[in-house]
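I wanted to look up how the pieces of this assembly sit against one another, and I kept the entries in the order in which I went through them.

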2 protein chains.
Amino acid sequence: MMELTRKGEYAIRGIVYLAAQPDDKVCLLSDIAAAVDVPATFLAKIFQQFSKIGLVKSYRGTGGGFLLGRLPENITLLEVVEAVEGPIIPNRCVVGAGECTRDLSCTVHPVWKRVQEQVRNVLEGVTLKDLAGE
Amino acid sequence: MMELTRKGEYAIRGIVYLAAQPDDKVCLLSDIAAAVDVPATFLAKIFQQFSKIGLVKSYRGTGGGFLLGRLPENITLLEVVEAVEGPIIPNRCVVGAGECTRDLSCTVHPVWKRVQEQVRNVLEGVTLKDLAGE
DNA sequence: CCCTAACAAGACATTTTTTATCCTTTTAGG
DNA sequence: CCTAAAAGGATAAAAAATGTCTTGTTAGGG
Ligand code: SF4
Ligand code: SF4
């Protein structure tokens, strides 16, 4: 259980690659895809999602491509993952009140809250700078 | 991401209900299913899995039914979840070496290891006794 | 011995999610 | 204009989740 999808894995590979490039280097999607071994059309969709929320900046036309939207040290793995996979939700009752009619008295509910918190903490503690290495 | 499936949720509800019953009470599947609001045929499959690994004991025929295989304080939530959902695997590379050809030098790999460990710790720290309440 | 109660096991069906691919549109440079 | 490149939308195949159904097995009781 709790498995990251391909999409998530690809997303991370792609943006970490971007983070490892020189700051101002505009990268072609096709190059990124080849480098991290991901289908280019699929990666395109992923980067569109990144672009919409500003995780990456994109430029169209000749000389276009992608670069990071912020400094690598200011982008956490949590943001990246949630951008493409949605929020970290170990069980639907952690979304909010009323998702499960049992949540008020449920003894399991707090456990999922803790799981959510722990996972978020780990992912939030890692930035793209950490992942891109030196 | 990381969402528990219905199966997992149902499994927990079912076995927690069982843990909340008097120690020697043999429970009918149909009663459990009704009590925790789960399709009986689906819950049957789940309890069959429990039964195979000894989490619950089952008796057939008239007067048959289910009861816990061990004391509630000796069954962790981790066991219950893994019994029906499989191992906690945030990313396939945590399964073992060779699952991903990149795992040797991958900077993300250790992060998933940490996530796995944290989640397991939380779930392992909760027993059915805790969940069944007084 | 037979009948009924209850779980076990396996096959089957439906829906949803994942994992893409393709085609058209928009934007920008030269 | 012509070409490069990303954006957006439609579509499709494969896999997983979510059940259901039928048949088999085990046990108790008359
Ligand atoms: S853990 Fe409790 S509150 Fe959450 S979905 Fe399950 S029953 Fe509902
Ligand atoms: S995190 Fe690294 S080792 Fe794990 S699957 Fe992704 S690339 Fe492979």
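The entries below cover the model itself, the relation of the chains, the ligand and one DNA strand.

**Basis.** I am working from a predicted model, in which local features need pLDDT of at least 70 and side-chain atom pairs count only at pLDDT 80 or more, while totals for chains, interfaces and linings use all residues. Residues are numbered from 1 along each chain as its sequence is written, chains are lettered from A and ligands numbered from 1 in the order in which they are written, and side-chain values use heavy atoms, with hydrogens and water left out.

**Symmetry.** I superposed the copies by least squares on the C-alpha atoms of residues with pLDDT of at least 70 in both, and a turn of 180 degrees with a shift of 0.0 Å along the axis lays chain B on chain A with an RMSD of 0.0 Å. That is the relation of a two-fold axis. The same surface serves both copies, since 100% of the contact residues of chain B recur in chain A (contact means heavy atoms within 4.5 Å). Within chain B, the residue that comes closest to the rotation axis is M2(B), whose C-alpha is at 1.8 Å.

**Ligand 1.** I looked up its position and found ligand 1 between chains A and B. Its shell (residues with a heavy atom within 4 Å) includes C93(A), C100(A), C106(A) and H109(A) from chain A, along with E9(B) and R13(B) from chain B. By class, I noted five nonpolar, two polar and four charged residues in this shell. Taking helices as DSSP runs of H or I with at least four residues, and strands as E runs of at least two, I found that α5 (109–124) of chain A and α1 (6–20) of chain B each supply at least two residues of the shell.

**DNA strand D.** There are 25 residues around this strand, and L29(A), K45(A), S58(A), R60(A) and R60(B) come nearest. Sugar and phosphate make up 67% of the strand D atoms that come within 4 Å of the protein. I then checked polar contacts (pairs of N or O atoms within 3.5 Å): a polar side-chain atom of K45(A) lies 2.6 Å from a base oxygen of strand D, whereas phosphate oxygens of the strand lie 3.0 Å from such an atom of Y10(B) and 3.1 Å from one of T41(B). Among the elements that give two or more residues to this surface are β1 (56–59) and β2 (65–68) of chain A, but α3(A) has the largest share, with four residues. I recorded the classes as eight nonpolar, ten polar and seven charged.

Methods:
Ala, Val, Leu, Ile, Met, Phe, Trp, Tyr, Cys and Pro count as nonpolar, Asp, Glu, Lys and Arg as charged, and the others, Gly among them, as polar. A polar contact is a pair of N or O atoms within 3.5 Å; within protein, one must be able to donate a hydrogen and the other to accept it, and residues adjacent in sequence count only if both atoms are side-chain atoms.
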